[in-house]
Amino acid sequence: MRIEIPAHVAFIINTLERAGFEAYAVGGCVRDTLLNRVPEDWDITTSAVPRQVKQLFKRTVDTGIQHGTVTVLLEKSGYEVTTYRLDGEYEDARHPKDVTFTASLTEDLKRRDFTINAMAYSPKTGIVDEFHGMEDLQAGIIRAVGIAKERFTEDALRILRAVRFSAQLGFAIENETAKAMKEMAGQLSMISKERIQAELNKLLCSAHPEYFRRAYELGITAVIMPEFDRIMETPQRNRYHNLSVGEHTLETLRHIRGDHLLRWAMLLHDFGKPQAMLQDQDGTIHFYGHAKISAELARRIIRDLKFDNATLDSVTKLVLYHDFPFPVSKTGVRKALNCLGEELFLLLLEVCEADSKGKNSYAQRTYLPKLSDIKNYYQEIIKAGECVSLKELAINGKDLVEAGMKPGKEMGACLQRCLEAVLECPEKNTKEQLLALAKADIKG
Ligand code: ATP
Ligand code: MG
């Protein structure tokens, strides 16, 4: 069987073969090509050791020499070329403590996580598929290579990777593999937060973010995100909901696009509900103030997972304001724009919409028209070029100094008061009116 491979990859394989080595495209790129998906990157596995690879190509980078990996640069692209290897005992990571090179492709494929990821291809040999990856690919099954329990003992991250691949591909997890995952899930506590983050992120941004439920069912979230188990166990009984908090959350994930800020905000938006839960005598359940608690939890969870500060800030804000606590009016929308900035405001509208769509039809009838009003107000505000930030205010610090105010803290407070007046009433955004407004401060 022949598959399409990029010219660069064919060139690398060919060069290695002509020098007397074996070389194959391997892993994710073979899997994705067979599925008609575009691979993220092309990895090559070879019998040549790093020193030999480096001799054959003009431009290389020592990406992980001790693990056998050299990056070959061709034009603007890089290709990881890794020597056939057996993995030794695992330490913390993707990188085992010691690595032994081998002359056998089969040995190299054996160390890989799932059958669908353990196929190799070269134009000369065709597909090498020692573990029936092709069958599993066709049947839509994630199955560990060899004995599942052993494979998860070597590297517990594979437990989470199984859920991630199932969510990306819409695949089932084979029974023995799933059983071993459940048994070994506790070992995930030994895995570094950075590696967990990368897999969780891919799972959440996948075609099936709702497969997060599997991570719960298999006891994975109990170890890496117990707050998710709490929302799965929290019922909602009120006018707007007929799903548990957790099931509602999974539903909202299906209604939002695959942007990582949006997906994380959706996952975390109701994490505060278990703590905020209050039950009336008639059995109705309320969650007053939950957005603030959710935002605190979101901040902690995102920080613990070692995300960058931009993600931390944006996700926390989206969670904090997911209930749209601003008045549904032009003034309210100007205040929201001032508070969030335009970019985040637009993301917030997506969050609000997905949140509504995860509720019952009564809630949707109530909230979706309001959201549509908010969008219209936003359009009008933008069209009219109304002021929504200090930057757009008709006066600045210099104007205040010229009018006789002493530079200092008071000045900032004065400008803020002017801005608040303008957010309420955009017509006031003229130098004349704002200086008149500031006069009291200047005199004082
Ligand atoms: P992606 O599309 O996300 O890049 P991928 O399958 O290429 O998916 P990578 O994490 O890039 O995944 O790994 C490349 C290949 O290396 C995998 O297909 C698999 O064969 C192997 N591999 C990666 N991580 C592990 C692991 N923890 N245990 C065993 N094999 C692994
Ligand atoms: Mg890859």
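In which helix does Val53 lie? Val53 lies in helix 3, residues 50-56, where helices (H or I, at least four residues) and strands (E, at least two) are DSSP runs numbered from the N terminus. The model is predicted, so local features need pLDDT of at least 70 and side-chain atom pairs count only at pLDDT 80 or more, whereas totals for chains, interfaces and linings use all residues. Residues are numbered from 1 along each chain as its sequence is written, chains are lettered from A and ligands numbered from 1 in the order in which they are written, and side-chain values use heavy atoms, with hydrogens and water left out.

**Figure 1. Overall view of the protein.** The secondary structure comes to 23 helices and 13 strands. Along the principal axes, the C-alpha trace spans about 85 × 60 × 35 Å. The protein has a radius of gyration of 28 Å, against a value near 22 Å for a compact globule of 444 residues; the radius is taken over C-alpha atoms, and the globule rule is 2.2 Å times the number of residues to the power 0.38. Of the 444 residues, 51% are buried, where buried means under 20% relative accessible area, exposed over 50%, and partly exposed in between (1.4 Å probe, protein chains only). Among contacts (heavy atoms within 4.5 Å) between residues at least 6 apart in sequence, 63% join residues at least 24 apart.

**Figure 2. Surroundings of Val53 in helix 3.** Val53 is buried because its relative accessible area is 1%. Leaving aside neighbours within four places in sequence, Val53 is in contact with Leu16, Thr46, Ala48, Val70, Val72 and Val81. Thr15 is 38 residues from Val53 in sequence, and the C-alpha to C-alpha distance between the two is 9.6 Å.

**Figure 3. Helix 13, residues 245-254, and its packing partners.** This helix is mostly covered, with seven of its 10 residues buried. The buried residues are Val245, Gly246, His248, Thr249, Leu250, Thr252 and Leu253. They pack against helix 9 (193-204), helix 10 (212-217), helix 12 (226-232), helix 14 (260-268), helix 15 (273-276) and helix 19.

**Figure 4. Ile231 in helix 12.** Ile231 counts as buried because its relative accessibility is 0%. Beyond neighbours within four places in sequence, the contacts of Ile231 are Ser244, Val245, Gly246, Thr249, Asp270, Phe271 and Pro274. Ser361 lies 130 residues from Ile231 in sequence and 21 Å away in space, C-alpha to C-alpha.

**Figure 5. Packing of helix 18 (residues 330-340) with helix 19 (residues 342-357).** The two helices pack at an angle of about 120°, with their axes 7 Å apart; axes are lines fitted to C-alpha atoms over the stretch in contact, and angles run from 0 to 180 degrees between N-to-C directions. Helix 18 contributes Val333, Ala336, Leu337 and Leu340 to the contact, and helix 19 contributes Glu342, Leu344, Phe345 and Leu348. By class, the contact has seven nonpolar, no polar and one charged residues; Ala, Val, Leu, Ile, Met, Phe, Trp, Tyr, Cys and Pro count as nonpolar, Asp, Glu, Lys and Arg as charged, and the others, Gly among them, as polar.

**Figure 6. Loop residues His132 and Lys306 with positive phi.** His132, in the loop between strand 9 (126-128) and helix 5 (133-139), has phi near 60°. Its relative accessible area of 48% makes His132 partly exposed. Lys306 occupies the loop between helix 16 (290-304) and helix 17 (309-320), and its phi is near 65°. Lys306 is partly exposed, with a relative accessible area of 48%.
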